Amino acid sequence: MTHGAYVRSLFFVLYKAVSELYPECRVQIDAHVSNGYYCHLAHITHWDASDIRQHMQQIIEEDLPFESHTASTPQAINMFDEVGQHNKALLLASYDHPTVEYHMLGGTPNYFYGDLLSRTSQLTMWGIEPYDAGLLLRVPSAADFATGGAPQELLPFVSQPKMLAVFREYHRWAHIMGLSTVGELNHAIASGSDRTNEMINVSECLQERKISGIADHLAAHPEKKVVLIAGPSSSGKTTFSKRLSVQLLACGMKPVAISLDNYFVDRVKTPLDEDGNYDYESIHAMQIDLFNEQMTALLKGEEVELPYYNFKTGKSERSGQHLRLTSETVLILEGIHALNPLFSAQIPDENKYRVYASALTSILLDDHNYIPTTDNRLLRRLVRDYKFRGYSAEETIRRWPAVRKGEERWLFPYQEEADVMINTALLFELACLKEQALPLLQAVPQDTPERATAERLISLLTYLRPIPLDGLPPTSLLREFMGGSTFSY
């Protein structure tokens, strides 16, 4: 039993329960937030969460099998069209395979990207409750499945209204553009270059409008001198920072980028992790006192000499770079700890502006197959690591769990501290990443632990029609990972 199979099986039970209670309803797994999955119920105005919960429990207690079936792709398309799952039919219409493996649950068909459990009775721990305008499907921790055990407890609820608002905003735009699912994306790409270019241009424009709006806000609030930008690995923080700086210049301001890497403590003072290795992700690997001291001095109009961290020697040195703020200066600082209140504890709130930037994948495979944002970021990272750092996909995948562990501990708990969140994902980007990522994943050796992750990502990419890089503007955030940017890194 895996966590993924457990969650997919729970999605299936939810869909079956809702479709039987409210046949006209369209159930969509919208976003992974608040340690659960936000589910949107479309085409109905009244529903009862307790009725849905009770019917799900009834299905689970019936101990129904999740049956696997195979059909020709045309037969599967007709079947899903007949039951009103048109987004699945559209996805399969662009799926380049002669047959499709689908599932049945008590006479209800569905299609999932991945395995399911054997029977509904295995779903022993879950929750469903009203959340915002929809439902929150509560799930157990993935850690409970790591050793092959049964789920022990539900993940604690964490309120994330800002994160949900960003997802909902982008889902609304995706719906307006007719690009809510991969099937719709593939159909748009197949329509020709005019439609593809329109899709790229509108997506890039929407992102630029958000960046421009942040710059306008900062221009209207000159007391916001310290812009703190945080986000997980491969979220495009660097390009976002550079594009924000351009917009600030256009507003008549003078952005100054300061690398938080230069505030590392000497290597010998770096805290150790549980394995006895240097923990560079820890906030205590940073010179917190020096950072606050210098930011406070700058805000008072004093001049400071910024530090320089020598990665070869592992020591902090004097840089010779002196800085004093003017009335137009705005400091742009980007790093994993930028939203942690401890990191900027001595900087007055009225002088701080906190930004959370992440690739929050807003396109769905179909209504019931959510694409994890972590997969989007991993695909970005393995392409970038290969092109610019000389790492193979195998090496990048091997390092990924440690990266994710640092994010879970030092970044994600502070997401909602942000004054603004920006989604750095683009609706079309997985189709753009496909041609560069696929051969790298296929090269991962079969006899390695990393092959399982590579196979899963290969499977995801097979659903997408590719988009060439030609239509991407040189300032696109994707260029940070795929090459061809006019920004220097």
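A salt bridge here is a side-chain nitrogen of Lys or Arg within 4 Å of a carboxyl oxygen of Asp or Glu. Keep in mind that this is a predicted model, where local features need pLDDT of at least 70, side-chain atom pairs count only at pLDDT 80 or more, and totals for chains, interfaces and linings use all residues. Residues are numbered from 1 along each chain as its sequence is written, and side-chain values use heavy atoms, with hydrogens and water left out.

**Exercise 1. Work out which residues are linked with R377 in a network of salt bridges.**

Step 1: Start with R377, which forms a salt bridge with E407, the closest N and O atoms being 3.0 Å apart. R377 lies in helix α10 and E407 in helix α11 (residues 393-410), so this pair ties together parts 30 residues apart in sequence. Helices (H or I, at least four residues) and strands (E, at least two) are DSSP runs, numbered from the N terminus.

Step 2: Look at E408 and R404, whose closest N and O atoms are 3.4 Å apart in another salt bridge. Both sit in helix α11, 4 residues apart, about one turn of the helix.

Step 3: Put it together: R377, R404, E407 and E408 make up the network.

Step 4: Check the cover. "Buried" means under 20% relative accessible area, "exposed" over 50%, and "partly exposed" in between (1.4 Å probe, protein chains only). R377 and E407 are buried, while E408 is partly exposed at 45%.

**Exercise 2. Find where the partners R26 and D367 lie.**

Step 1: Their side chains meet in a salt bridge (2.6 Å, N to O).

Step 2: R26 is in strand β1 (residues 26-33), and D367 is in the loop between β13 (352-358) and α10 (373-389), 341 residues apart.

Step 3: R26 is partly exposed, with 30% relative accessible area, but D367 is buried, with 3%.

**Exercise 3. Classify the aromatic pair F12 and F112: stacked, edge-to-face or tilted?**

Step 1: Get the rule straight. Rings of Phe, Tyr and Trp (its six-membered ring) pair if their centres lie within 6.5 Å; planes under 30 degrees apart are stacked, over 60 edge-to-face, and the rest tilted.

Step 2: Apply it: with 5.5 Å centre to centre and 45 degrees between the planes, F12 and F112 are tilted.

Step 3: Place them. F12 lies in helix α1 (residues 3-21) and F112 in the loop between β5 (108-110) and β6 (127-131), so the pair ties together parts 100 residues apart in sequence. Both residues are buried.
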